[in-house]
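Thanks, everyone, for making the time this morning. I would like to walk you through one structure, beginning with charged side chains and then moving on to strands.

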Amino acid sequence: MKLLPHILLMCLALALAWAQGGHQTQHKHQHHAAVLDRCKGLEMDAVAENEEGIPYFFKGDHLFKGFHGKAELSNNSFAELDDHHHLGHVDAAFRMHFEEDPTHHNHMFFFLDNKVFRYFQHKLEVGYPKNISEVFPGIPDHLDAAVECPKTECGQDSVIFFKDDDIFHYNVKTKAVEKKAFASMPNCTSAFRFTEHYYCFHGHQFSKFDPKTGEVHGRYPKEARDYFMRCSKFRDDGDHLERERCSHVHLDAITSDDAGNIYAFRGHHFIRKDDNDTLTSNTVESAFKELHSEVDAVFSYQDHLYMIKDKHLFVYKVGEPHTLLDGYPKPVKGELGIEGPIDAAFVCQDHHIVHIIKGSFIYDVDMSATPRVPTNKRPISVLKKVDAAMCGPDGVKVIRGSHFYHFGSVMQFVAARALPEQHRVSLELFGCDH
């Protein structure tokens, strides 16, 4: 009988442990199962580009890759964050810029509480995680944000750390720390360097700032969903032209018609730039009501716009209004001889050949032939993916992400083994510098 109290106590302890474990498992399951929608105004915990220039937005234990798409669990890409630290969220993140030291250059750093993790190509470097004070002496724990600043923009290769009202400029080479006050800036919940500009995110808004002084110039804060996310329907107010000109989200398609007007499509909206550089913006549905939104590729041929959406081809007569030809849409396969969807398509002036990009290959289709069949299949070596492309008197502009690359001809594009100079879509096509 003396054993009975001990047995009862053991049973009680086991029951409590199972209940606690079940609660934690249930809580973790619920946390992991959370459906995050960045178009509802999320405050991101951290933002950083990966080694290929793709922006990663972190929220809780989830990660958004790029400017649109669904969230995924962060530990799918960075397993050790969870293994070592029971990942709840990332405090700060950046991609190191330090060309003098290849062992650090282009590596990604993640900060969780008092620890720092260093990754290269999604693999945790040996010896990490480490204490923040060991890797970045003089930098406090529990950071709010961090962003890299190359010497071309900060004088020395640096990292800017944010905690509450304090700003720390960390010299990567000397490890010296300079504490600064950015009086005109709000407290940043995350920070991001993109296209050589610096952005402080606070809530679902952002401000562009000077990394050396913290000064904010222009009309800020702005709504992050207008410029860094693909959220075409999150609100009806706002300046649609400003948003579409300046958005960092990639274009879906672009073309210029025979009169020299440029049409650029993104999500539910498009920009029209006429031959005297006047810009207007409207919804796709307002001008091409049968399409509704989100085209895959567009090209111009003989005063008609050929618009590809999934596996269907819509052909519109250019005019006011644009008129869908009778019998359309039709299957892309039947009209162009190639299965949809298509990544990009363009016709160069005074030619009957439409150049079609699908995956990592480019095809030629003679629009004057019957039937139309794809020929001259060639691999594309310089880009893994093309978002949009168009051809004009000065050659071919190929768009990937928020940048485009200019090639003198289709032949030069196909033969290229290295990318030419990078150009910003928002600035050099649409005149927006923020």
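Let me start with Lys 65, which forms a salt bridge with Glu 72, the closest N and O atoms being 3.3 Å apart. Please keep in mind throughout that what you see is a predicted model. As for the surroundings of this pair, Lys 65 counts as partly exposed, at 30% relative accessibility, and Glu 72 counts as partly exposed as well, at 27%.

The structure holds 15 salt bridges, and I will pick out a few others. One of them joins the side chains of Arg 225 and Glu 223, with 2.9 Å from N to O, and here Arg 225 is buried, as is Glu 223. Another joins Asp 387 and Lys 385 at 3.8 Å, N to O. In that pair Asp 387 is buried, with a relative accessible area of 4%, whereas Lys 385, at 35% relative accessibility, counts as partly exposed. Asp 387 and Lys 385 also belong to a network of salt bridges that links them with Asp 343 and Arg 400. As general background, side chains of opposite charge can pair when their charged atoms come close.

Lys 65 and Arg 225 also bring us to Arg 38, since both are among the residues in contact with Arg 38 once its neighbours within four places in sequence are left aside. Where does Arg 38 lie? Arg 38 is found in the loop between α1, residues 3-33, and β1, residues 46-49. Is Arg 38 buried or exposed? Its relative accessible area is 4%, and because buried means under 20%, Arg 38 counts as buried. Its contacts further include Met 44, Phe 57, Phe 64, Phe 67, His 68 and Met 229. Gly 66 is in contact with Arg 38 too, and the backbone oxygen of Gly 66 lies 2.9 Å from a polar atom of the Arg 38 side chain. Arg 38 and Arg 225 are 187 residues apart in sequence, yet 7.9 Å apart in space, C-alpha to C-alpha.

Let me now turn to the strands, beginning with β6, residues 108-112. Five of its five residues are buried, so β6 is largely enclosed by the rest of the structure. In a regular strand, side chains alternate between the two faces of the sheet. For β6 both faces are covered, with Met 108, Phe 110 and Leu 112 buried on one side and Phe 109 and Phe 111 buried on the other. Strand β5, residues 92-95, runs antiparallel to β6 and is joined to it by four bridges, with Phe 110 as the bridge partner of Ala 93. Strand β7, residues 115-120, pairs with β6 over five bridges, again in the antiparallel sense, and there Val 116 is the bridge partner of Phe 111. The hairpin of β6 and β7 has two residues between the strands, and in this hairpin Asp 113 takes a positive phi near 55°.

Finally, there is an open sheet of four strands, in the order β18-β19-β20-β21, with antiparallel pairing. Why do β18 and β21 each have a side without a neighbour in the sheet? β18 (253-256) and β21 (279-283) stand at the edges, each with a single partner strand, so one side of each is left without a neighbour. Neighbouring strands of this sheet are turned by 15° against each other on average, direction ignored. Within the sheet, β19, residues 262-266, and β20, residues 269-273, pair over five bridges, and Ile 262 stands opposite Lys 273 in β20.

Note on methods
Residues are numbered from 1 along each chain as its sequence is written. This is a predicted model: local features need pLDDT of at least 70, side-chain atom pairs count only at pLDDT 80 or more; totals for chains, interfaces and linings use all residues. Side-chain values use heavy atoms; hydrogens and water are left out. Two strands pair if DSSP finds at least two bridges between them. Axes are lines fitted to C-alpha atoms, for helices over the stretch in contact, and angles run from 0 to 180 degrees between N-to-C directions. Buried means under 20% relative accessible area, exposed over 50%, partly exposed in between (1.4 Å probe, protein chains only). Contact means heavy atoms within 4.5 Å. A polar contact is a pair of N or O atoms within 3.5 Å; within protein, one must be able to donate a hydrogen and the other to accept it, and residues adjacent in sequence count only if both atoms are side-chain atoms. A salt bridge is a side-chain nitrogen of Lys or Arg within 4 Å of a carboxyl oxygen of Asp or Glu.
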